[in-house]
Structure formats: C-alpha cells, structure tokens
Amino acid sequence: YLYLPKKNPVFDVLSRIYNRMKDFASRKYFAVIDYSLVLDIHNENWAKKHKLRPARIPAGIDYDNFYAPVKDITGKSKAKSFCIMGLGALNKYRQFGDIILAVKLLRDWGYGARGLIIAADIWNEHEEKARLEMLIRENHLEQFMEMRFKPASNEELQKAYWGSDIFAMTMYLPPPRDGYGWGLINFEAMS
C-alpha cells in the first residue's frame, strides 16, 4: 500500500482506491514467491506481515567509490566553514527546506554554515522548486546555498560528498505511510 496524499481531492480518493486495488491484486502472487529479498529490517517486517519469506541482504554500496577521510569540524572557532548536503529527487516529501532553515539558524548563531542540495527535478516539481528558491531569498542565503536541479553524474556525486561535511537525510512520508525514508544515499554519505 504505497498511497501518498494528493492535493486534489478527486486524485486523492482515486489514488487511495488504486493503491488498495493494486495491493489486493498483488497479494494473489505472494503465495508463489519463494523468498523476498530485502535490504533492511523495515522491509523484512513488511514481508513477514504479508506472509512472505524475507531474506535480508546487505546493500550494494561501492564503499571505495565514495570513501573520504572523516573531517574534523569541531573546534572553538564558530567561523569555521562547513557544508550541509542534501540529495534526492525533488519533491515536497524530501523536506529540503529543513536544510535551508538549518543553514540560516547556524549562520544566525555565528557558524560558517553553507548548504548544497542536489535535487534532480525528474517530476517537474515547479512549485516545490519555486518554494525552495523563495525560502533561500527570504532568508538572504543566496551566497550560502547552492541548489542543483539536474541529475548528478557519479563524478559530481563524489565531489559533492567529498566537499561536504554533514549529510542530512530529510525524507518524511506522512501517514498512512510511516515517515520512513530509506535510500542508498545514506550509505554513500556514511562511506
């Protein structure tokens, strides 16, 4: 059941119906599935709930591809510059505005914070893009926030991870989903 709320009430009702029907139709195939490969406990529990036999496997992260030594951003100097990075497809559930507001708050406290958000606009989210750009302007962060709305190459991602100090996973999925956001980007950032 992968329903997400829609702004238009008609689309919202149709989306609920569609996802319920799709969920019901999918269940008839569950009986013939030997194993369900999952990457985490959340999906393992989902599979068990739906009477599937889950087998948890580790995520396929190319650790060497993203590895960089840990940076020391501690110290007595608040003026020391550091970058908070966010990554993912542009949509309102990514909550990229939280990164913008964090940079504003940290700068107000005297820290040399800046932000980088790579949010590929693959779904033509013009309203969300405009909202984020307005949030940057309203908080006078034009010189401290970098927004990229195009997909990044592997090399660009490496440089972005290596050039950042803090990674923020800002995903939030509202009920009936459970607020759970998972992605390979978390593991890439940890590498």
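Q: The charged end of which residue sits over the ring of phenylalanine 144?
A: The model is predicted. In it, the ring of phenylalanine 144 has a charged end over it, 3.4 Å from the ring centre. That charged end belongs to arginine 107.

Q: Over the face of which residue does arginine 53 lie?
A: Arginine 53 is placed over the face of an aromatic ring. The distance to the ring centre is 4.5 Å. The ring is that of tyrosine 35.

Q: What is the order of the strands in the open sheet?
A: The sheet has 4 strands, and their pairing is parallel. Its edge strands, each pairing on one side only, are S5 (145–148) and S6 (166–167). The order is S5-S4-S3-S6.

Q: Over how many bridges do S3 and S4 pair?
A: The two strands run in the parallel sense. One bridge joins isoleucine 84 to glycine 115 in S4. The number of bridges between S3 and S4 is 7.

Q: Which residue in S5 stands opposite leucine 116?
A: S4 and S5 pair in the parallel sense over 4 bridges. The residue of S5 that stands opposite leucine 116 is glutamate 146.

Q: What angle does the direction of H4 make with that of S4?
A: H4 packs on the sheet and touches S3, S4 and S5. The angle between its direction and that of S4 is about 170°.

Q: Why is S4 described as largely enclosed by the rest of the structure?
A: A residue counts as buried when its relative accessible area is under 20%. S4 has 7 residues, and it is largely enclosed because the number of them that are buried is 6.

Q: Which element gives the most residues to the largest nonpolar core?
A: This core has 18 residues, and Phe96, Ile100, Ile117 and Met145 touch the most other members. At least two residues come from each of S3, H4, S4, helix H5 (126–138) and S5. With 4 residues, the element that gives the most is H4.

Q: How many residues are in the second, separate core?
A: Nonpolar side chains tend to be buried together in soluble globular proteins. Here a further core, separate from the one above, includes Phe66, Cys83, Leu87 and Tyr161. Its number of residues is 10.

Q: What kind of aromatic pair do phenylalanine 82 and tyrosine 111 form?
A: Phenylalanine 82 lies in strand S3 (81–87), and tyrosine 111 lies 29 residues away in the loop between helix H4 (97–108) and strand S4 (112–118). Phenylalanine 82 is buried at 7% relative accessible area, whereas tyrosine 111 is partly exposed at 31%. Their ring centres are 6.5 Å apart and their planes make 65°. Planes over 60 degrees apart give the class edge-to-face.

Q: Why is the pair of tyrosine 161 and phenylalanine 167 classed as it is?
A: Tyrosine 161 is buried, with 9% relative accessibility, and phenylalanine 167 is partly exposed, with 23%. The ring centres lie 6.2 Å apart. The planes are at 50°, so the pair is tilted.

Q: Is lysine 51 buried or exposed?
A: Lysine 51 is in the loop between helix H2 (41–49) and strand S2 (54–56). Its phi is positive, near 60°, and the residue is not a glycine. The relative accessible area of lysine 51 is 73%, so the residue is exposed.

Q: Where is glutamine 95?
A: Glutamine 95 has a positive phi of about 55° without being a glycine. With 28% relative accessible area, glutamine 95 is partly exposed. Its place is in the loop between S3 and H4.

Conventions
Residues numbered from 1 in each chain as written. Predicted model: local features only at pLDDT ≥ 70, side-chain atom pairs only at ≥ 80, totals over all residues. Heavy atoms only, no water. Phe/Tyr/Trp six-rings, centres within 6.5 Å; stacked < 30°, edge-to-face > 60°. Buried < 20%, exposed > 50% of the residue type's maximum accessible area, 1.4 Å probe, protein only. Lys NZ or Arg CZ within 6 Å of the ring centre and 35° of its normal. Pairing = 2+ DSSP bridges. Contact = heavy atoms within 4.5 Å. Axes fitted to C-alpha atoms, helices over the stretch in contact; angles between N-to-C directions. Core = buried A, V, L, I, M, F, W, Y, C linked by side-chain atoms within 4.5 Å.
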